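Visitor: I am new to this structure and would like a close look at one part of the interior. Please take me through the largest cavity and what surrounds it.

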Amino acid sequence: MKTTRQQQDATRRQIVASAVDLMTRQGFDGTTMKDIARAAGIGDATIYKYFPTKDRIVLGYLDDVAHQALAETLQTPGFAGYLLQEKLQRLTDAVLERLLADREFVAQVRSLARRSPLSMLAEPLAARQSLREAVASFLEAAEASGEIEPCDFKGMAGGLYTDYLAGVVAYWLADTSDEFADTTQLVDLSLGVLVQALRGGLVNRVLELGGFVLRSQMARMVQHGSGVMGMLQLAKQAMASAPPGPAHPPAAAGAAAPPPSPSRSPRRPRKPRATTAAPTPAPTQTPAPPTAPRRRKAA
């Protein structure tokens, strides 16, 4: 008897739920595919039709979380009228709310990703593309309403957001504050800085330099003890007080150079080098007159 699509989806969800429960109690290495199949009520060979390895089951869990969080976000009443920061914050909160019930399992997933990142990244998540498209649509709506300056990297922003989300989850796993208040503050400050930068068009001007740094260093920046809270708070205040638009108009040809930034300390003047006496030019010699060519003797 051929199974329907709904039955296949139900079986897939049951496999993922059984794996999460077993891995939470027994650990990733202490759980086998046979254990998961029996807990899910399916045959030992049937499970491989859905997931070839335990790593793929973990990826399936993350995929489901992202898709469910995105669906809940888009179904929020009045979501279309939210500002850009509110939309991004609602999506981030929805992901964390989905992960909360399985926080211990998520910590194991993070340890697994650090131990064998290639196995976790061998197959891209389908939800990553959905998140990228959602964030791009948020930026398009904010640009159309005049909330932010025209943005030239909407497609890349989705990928940056997923990296940012991974950093937030890492911070959340280490957060011991009441009701994860520190994580809430981190999300508010970091997204506030981003939106302030987009409003002034700053992100477009520093994209080539800052995009790579953000992707490679975000996970490291959000660790405890790095002072990231204070840095984000100062950045948000500075951007809020800065006038909108470009900071300096293009200088006209022949205009004087702008004064140096006061934040830089002036360089110390160099000590004058000891001057050496100019070499005395050699006396010019009068060129000798050309000699007459010798006559060849007759043979």
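Guide: The model is a predicted one. Seven names make up the lining of the largest cavity: Met23, Phe28, Val58, Phe105, Gln108, Val109 and Leu112. By character, the lining residues divide into 6 nonpolar and 1 polar, with no charged residue. The cavity has a volume of about 40 Å³, and the count of cavities of 30 Å³ or more comes to 1.

Helix H5, which runs through residues 103–115, gives the most to this lining, with 4 residues.

Another lining residue, Met23, leads to helix H1. This helix covers residues 5–26, 22 residues in number. From its first C-alpha to its last H1 reaches 31 Å, close to the 32 Å expected at 1.5 Å a residue. Met23 is one of the buried residues of H1, along with Ile15, Val16, Ser18, Ala19, Val20 and Leu22. Among the elements that cover these buried residues are helix H2 (33–40), helix H3 (54–74) and H5. H5 therefore appears in two roles: in the cover over the buried residues of H1, and as the element that gives the most to the cavity lining. After H1 comes Gly27, with a positive phi near 90°.

Helix H3 also holds Gln68. Is Gln68 buried, partly exposed or exposed? Gln68 is partly exposed, because its relative accessible area is 31%, and the partly exposed class lies between under 20% for buried and over 50% for exposed. Between Gln68 and Arg98 there are 8.0 Å in space, C-alpha to C-alpha, although the two are 30 residues apart in sequence.

From here the view widens to the nonpolar interior. The largest nonpolar core has 56 residues, and Ile57 and Leu84 are those with the most contacts inside it. At least two residues of this core come from each of H1, H2, H3, helix H4 (84–100), H5, helix H7 (126–144), helix H8 (154–173) and helix H9 (181–199). H8 supplies the largest share of the core, 9 residues.

Which residues does Leu84 contact, leaving aside its neighbours within four places in sequence? Leu84 is in contact with Phe138, Leu139 and Ala142, with Glu147 and Ile148, and with Val195 and Leu198.

Key
Residues numbered from 1 in each chain as written. Predicted model: local features only at pLDDT ≥ 70, side-chain atom pairs only at ≥ 80, totals over all residues. Heavy atoms only, no water. 1 Å grid on protein atoms, 1.4 Å probe; cavity = no way out; pocket = protein on both sides within 12 Å on 5 of 7 lines; lining within 4 Å. Points joined across faces, edges and corners; volume = space filled by probe spheres on them. Nonpolar A, V, L, I, M, F, W, Y, C, P; charged D, E, K, R; others polar. Expected span 1.5 Å × (residues − 1). Buried < 20%, exposed > 50% of the residue type's maximum accessible area, 1.4 Å probe, protein only. Contact = heavy atoms within 4.5 Å. Core = buried A, V, L, I, M, F, W, Y, C linked by side-chain atoms within 4.5 Å.
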